[in-house]
Structures are given as C-alpha cells and as structure tokens.
Protein chains: 2
Amino acid sequence: MADQPIYQASTTAPVNIAVVKYWGKRDPKLNLPTNSSISVTLSQADLRTHTTAACSASFGPGDSLLLNTSPQDVSGARTQACFRELRSLRSELEASSPSLPKLAALPLRIVSENNFPTAAGLASSAAGFAALVRAIANLYELKSTPTELSRIARQGSGSACRSLFGGYVAWQMGEKDDGSDSLAVEIAPASHWPTMRALILVVSAEKKDVSSTAGMQITVATSKYFKTRAQEVVPEAMILMEKAIKEKNFQSFGEVTMAESNSFHASCLDTRPPIFYLNDVSRAAITAVNSINKKAGRIIAAYTFDAGPNAVIYYEDENTDAVAGVLKGALGNLDGWEDKDVKVQDYSYVDTRAISVLKGGLSRVILTSVGEGPIRTEESLIAANGEPVRK
Amino acid sequence: MADQPIYQASTTAPVNIAVVKYWGKRDPKLNLPTNSSISVTLSQADLRTHTTAACSASFGPGDSLLLNTSPQDVSGARTQACFRELRSLRSELEASSPSLPKLAALPLRIVSENNFPTAAGLASSAAGFAALVRAIANLYELKSTPTELSRIARQGSGSACRSLFGGYVAWQMGEKDDGSDSLAVEIAPASHWPTMRALILVVSAEKKDVSSTAGMQITVATSKYFKTRAQEVVPEAMILMEKAIKEKNFQSFGEVTMAESNSFHASCLDTRPPIFYLNDVSRAAITAVNSINKKAGRIIAAYTFDAGPNAVIYYEDENTDAVAGVLKGALGNLDGWEDKDVKVQDYSYVDTRAISVLKGGLSRVILTSVGEGPIRTEESLIAANGEPVRK
C-alpha cells in the first residue's frame, strides 16, 4: 500500500459577513434559503481557513476530516452531500478523459486549519465548507466556476456559497425545487471598492443559546414578521444594497446594513420562544456606532450582527481615525490593535455607559478589510507520506 | 378670600399592565392609537395613585398640581386637555341645573401621591391621569360612565383610559378622527377571574434610553414590521386574548401575552435607530419563565415587558409555589417578598446563568394581583384650609 500515489491540492478560503442577512430555509435538506442575501468577503490575512484535500488508495477506510488537529465526523448529510457532488463531477471528467487517474473512487483525507478560534461566532463554517469544496475541486481538477461550486458549498453550509468569491457577493435564492439556481454570484470584486474596512468586536465568553440552524427554522415556523421580512423587506434591501455597492455609496450601504441587521434580530425576537443573539455588549456597540455617526453628521460606520453578540463594524479607510481610532481610544487595552495603523482618537463624546459595558464585555478586536476569494496554495497540510503536517 | 368655600373629592386609581400592547399613535395630539389593546388592572393595595381634586375661588391664580409633594407643570397640552374636557362637562351640568355651584370657573388644586416610586417604569402616568380625571369627575359630580371618562383620560396618557376600570380592560382604538370612539371598556371584572397574580421584577438603576412617546412615533415612521403588527398581529391577538379572558384559559392568555410582548419589542428593534427596552436582566427573566413553563409542561407563567426592562410575570394563584415560589427560592434576599404568603421552592432546574444575572440586576420584587378600578375615598390630601396635607 505504501507505493500507492497520494494526490493532493490546497487552498485558503475567506470568511464573509452578510450585509443583507440569510435567515430561514425553504428546504432545510438542500439549504435553500427563503430570501437572497449579500455579503462582504473579509481579508484572509486576518481570517481564513487553510485546507488540503488528498486522496489515495492507501487512505481509509472511508473519508476523513481533521480540523485544527481534531478528527471531525464526516458522516453528516451536509459533508456527505459535498463529497458526493464533487465525486460525481470528477466521475464525469474521468468518463470523458479515460487517461485521468480514477480519483473519484479513492478515500478522501481533508486537513483544515483556521487562523482564528473556531465557534467564536466568526462564520467559521462558511470559510470551512468553502475551503473544503474548493480544495477538493482543485484536487479533482474540476473546471467548474465558483458559481457552479457555490451550489455544492451551499449544501455544506448555506453562507459558505458566498465565500467562494472575494469582494461583494450575492447569494441568489433561486426558485427551483432542486436548488440548481440557488447560487452565489459576484456583485463586484474587492478591487472595485477596496477601501472597505471591518472592525470586529469579539464578545467574551458568551455562548449561543440556540444553534443557528434550529433557530432559523423556529423563526420560519412561528414569527409573523418573518413573512414580511422575506417577502418585502429583503427584496427591497437587495436592490438598494447592490446599487450602493456598485456606486460605492457608503451612506446607503450603511443604512441598509444596519436596518437589515435590526430586521433579522427583530425576526428572532418575534420567534416563539424568542431568540436573542444581541446582549448588553452588542447594544453598547450599537450605541457607540450611533454616537460616531451622529458626530460625523452622516453614516460613516455600520454595525451588523450575525447569530451571536459580536459586532462587525464596516467603515471606509478614509474614516479609520473617526471610527476605529475612536474605539481604540476607548478600548486600546484589548488584543488585536497591534500591528495595525490606527491612531488613538478622543472618544469622550461617546456614551459613557456604553464604553464601560464594552470595556467589560469584549475579549479582543479584529481589524480587517474586504478581501479576495479562495487562493490556491502550494503550502500543504498533508506531508508526502500522507500524514497531517504537525505545525 | 378665606371665607370662600373649598370643594373637594378624592379617589384612588390603579396601575394597569397591557397584555396586548399599545404602541403607535395615529393622532399624537388626541392620543389615538394605531391598534387596540388589552390590559389587566393591578391591585391598589400594592400600586395606586391617590388624588384629591379641589376647587375654590380662594385658589390660584390658575390651576395647580402637586405630585408626591413636588409642584408639576400643568400647562402641557395633555393636562390642559383633561381640565378643559372636564370643565366643559361641568359647565353643561351647571347650565342645566342653575342651583349648582359654579365650580367650572374656579381654579383647580390637585394633590396626588403614589404608593410606589414614580418613573420606576411602573406605568405611573396611567394611574396618575386616571386618578386625576376620576377625582375631578367626582368633584364636579359628573354622571359620566367610566367609558365616557376614558375618552378624557386617554388624552392625558393613552394607557390611562384603561385604568378607569378594574379587572380585564380593552381599549378600542376607534375609527373616528375626533377620537370620540377611542374608548376603554370592561372585558370582565376582577371577580370573573380573581385568581390572576402578577410578580413584578424591578430592574435596578437602568434608565430608559428613549421616552415612550418619542419612541413609538419613530417606530411608526420607520419600522417595516410595524404595519404588519398593527394590521395583522394585534387584531388577531385581540380576539384570542378576549376569548382567553372570558374562558379563563391561562394557557392561551399566556401564549398571547408573551407573543405580544415579543412582537412589540421586535417592532422597537426594527426602528431606525433601534430602540431597546429589554436588557440582559430582562432576557434572564424570559429564560427563567421559559424554564418554569418547561418544567410544568404547559404555560403557567407569562412574562410581559412595557417600555422598560422590568418583567411583569402573570400566573394563577394555584401556581404561586411553582412560579413565585421558585423565583423566591432564587431571589429571596430582595425586598418585596415580606408579608406575602409565598413558600420558597427549589429553583435548581432554572438556568444557572439566568439566575445569576437576575440576582445581580434586580432591585426588588412586587407581588400583586388583578384588582378593582378607581375607588372613591374620604381620605383627603387637602386640608380644610385648602393646603396640602403633610404626611
């Protein structure tokens, strides 16, 4: 068995943070959403999953996945769907080019590492499934476009489909029952609006009460507001947000981003029993952003919250001082400011109580920016002998 | 002037806590609401405003109002509307019975005292305006029914119209532009369902960010969910709640009460900028109520929150141990349990973190029950010489 060749390929994939939110599935098995969504892909310099996919007759029995050195269960329907779809594409390729090695039949070994804490509420499953799908597609030498692969990644984790692109990405909900038109597309590359920055306020030691998947289906089943959101609020937000991105209009981008976050969390609160992801620390972050915008006389900072209490604050590079600098003034003692060029600014105009709650409730900050989609890399997490590289 | 007669009459009036929420005015000047609402009147043994209304040619110049020994501004449009409407009814009476003393023309002196802290988020304005209107109506010997007086009290403070009745009260939004059909009516007296209890968890030192009046009109103007709430959610809740009260069906009463509270606060969160009244302490109270209901296997406790973080928890007398007793087990060190027959119960099944947040965030509890409407009293807050009684 030691003579069996080992095939492998590696990629990194980014985190994305939605500005028009995905919440609610019309088909939980296929991860088909009840509404379209839009996200900004964040720089992999700060947040990324690095994944190597390998296959060999010497592996097995069965497929395996190692995440941050811990073996993961790959028998779940979501991971299996990704493996199955990718193998099917490889089989088609092998059938049409008989000289190709028969990789589809070989056991897969996937090794993955995040450069940030998993399950810290930082959309790690999106980067994880995007990297898994992209790495296997590289291994299988598939010609599929990112949009074609997004159909597969979506079945692993809905929002993962958006992490196959850099920049500004829409996930079109689609209409078909088989999900073949529920796909991610690029609205604009990172280079179109490269000055977009994101400051993440990471809340300490707050565990989620409800997992996202359970939560969203309870909302669909019980919230009377949810229907209004899916049918009226989001379709309007999609149009406004796409326009804002194309025109690089931060005022409009910020308005829609904050309203969308509020609308999503209002749907959660309207669920029976209610789901709360925002806590007093989140509320203090909102107060601080409102203060910053009031001082500026326009929207220069926009908060958004996923299914957790962490605030992601978008702003443009030219307002780094007025947004990140003010928060560094108040929160400069936290980890995450080092090696980033942010000048401490006066924060005395920000609500004192909000600052106090933020000081007591945050564990760190992450400063990042809009970034690229998955990047193929020769850096492998699997050694020539097929074993995971120990870092 | 000392020989001028002093006319006076006194009343007490109750607090009410809505179970179908009032939020949004279609006419801010007349306090005409965008939806109907339902409340439970709470016992005056625990929460009441005591008001004496007097008039005399020796008073003045002008009308005056003393609340808890502090002089209040009576020039505001709301107070003026109440005075004007009541004087107008008295004038009609004097015109039809010329032997009556001409009280409508005399300066009014109102003295009011609450048996609970004003502005602690305990609906003091509802009790206050109900007592003011009832006391002056007594002084003027008006034959008006409580429903007729509710039209006047509503102009002082919207929810005050519901405090003119005991028991279970509906405020019918009405349709007319002049507000003549926007009135309170009794759904059922306290004696119909006398076993209803209320436990109020008073949150310490949390100041409101936004006053109710400003908040609700921003919601009307900016929340996309608000329309759904006013047009669909509340009309359905009104029907279900009236039925639940008439049938004394606590399961249904509790379901609607909690969903209504969530729906109202979801509308607030959907406002631009978002309005938060619930904080981490409120959220912990919700978690505790959910634990209690889960343990019971049905709804035996129902939370509701007005425009502030205090929880009001309704339950039936037969479940005092299972609801109030459990919370007393966890929070027995707080003020408010004394002189109330509540046995301490095991609370170990309630989420530990929720208990810890409640312990750290509450200032006191108030144990009360459904109660009667305004009660005429001979106990006067104004002495024979016309001066306020110093207690």
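**Exercise 1. Find the salt bridge that Glu236(B) forms across the chain A and chain B interface, and describe the surroundings on chain A.**

Step 1. Start with the pair itself: in this predicted model, Glu236(B) is bridged to Lys224(A), and their closest N and O atoms sit 3.2 Å apart. That clears the 4 Å cut-off for a salt bridge.

Step 2. Now count. Chain A and chain B have 2 salt bridges between them, and 10 residue pairs are in polar contact across the interface.

Step 3. Look at which elements of chain A do the touching. Helix H5 (224-246), helix H6 (250-269) and helix H7 (280-296) each give two or more residues to the side facing chain B. H6(A) has the largest share, with 7 residues.

Step 4. Sort that side of chain A by residue type: 11 nonpolar, 8 polar and 10 charged.

Step 5. Finish with the overall extent. Each chain puts 29 residues into the contact, and about 2,700 Å² is buried between the two, 54% of it on carbon and sulfur atoms.

**Exercise 2. Work out how domain 1 and domain 2 of chain A meet.**

Step 1. Set the bounds: domain 1 covers 7-189 and domain 2 covers 196-369. Their C-alpha centres are 27 Å apart, and the contact draws on 29 residues from domain 1 and 40 from domain 2.

Step 2. Check the buried area. The two domains of chain A bury about 2,800 Å² between them, with 71% on carbon and sulfur atoms. On the domain 1 side, Val19(A), Lys21(A) and Trp23(A) supply 30% of the area buried against domain 2, more than any other three residues.

Step 3. Pick out the polar links. There are 2 salt bridges between the domains. Lys340(A) makes a salt bridge with Asp46(A), with 2.9 Å between the closest N and O atoms. The tally of residue pairs in polar contact across this interface is 11.

Step 4. Name the strands on the domain 1 side: S2 (16-20), S5 (37-41), S10 (168-172) and S11 (183-188) of chain A each bring at least two residues. That side splits into 17 nonpolar, 8 polar and 4 charged residues.

**Exercise 3. Which strands pair with S7(A), and in which direction do they run?**

Step 1. Take S9 (residues 108-114) of chain A: S7 (residues 64-67) runs parallel to it, joined by 4 bridges. Here Leu66(A) is opposite Val111(A).

Step 2. Turn to S8 (residues 70-72) of chain A, which is antiparallel to S7(A), with 3 bridges. Leu65(A) has Gln72(A) as its bridge partner.

Step 3. Inspect the turn. S7(A) and S8(A) make a hairpin with 2 residues between them, and Asn68(A) in that turn has a positive phi of about 50°.

Key. Residues are numbered from 1 along each chain as its sequence is written. Chains are lettered from A and ligands numbered from 1 in the order in which they are written. This is a predicted model: local features need pLDDT of at least 70, side-chain atom pairs count only at pLDDT 80 or more; totals for chains, interfaces and linings use all residues. Side-chain values use heavy atoms; hydrogens and water are left out. Domain bounds come from an automatic or database domain assignment. Contact means heavy atoms within 4.5 Å. Buried area is the accessible area (1.4 Å probe) that two parts lose on being put together, summed over both. A salt bridge is a side-chain nitrogen of Lys or Arg within 4 Å of a carboxyl oxygen of Asp or Glu. A polar contact is a pair of N or O atoms within 3.5 Å; within protein, one must be able to donate a hydrogen and the other to accept it, and residues adjacent in sequence count only if both atoms are side-chain atoms. Ala, Val, Leu, Ile, Met, Phe, Trp, Tyr, Cys and Pro count as nonpolar, Asp, Glu, Lys and Arg as charged, and the others, Gly among them, as polar. Two strands pair if DSSP finds at least two bridges between them.
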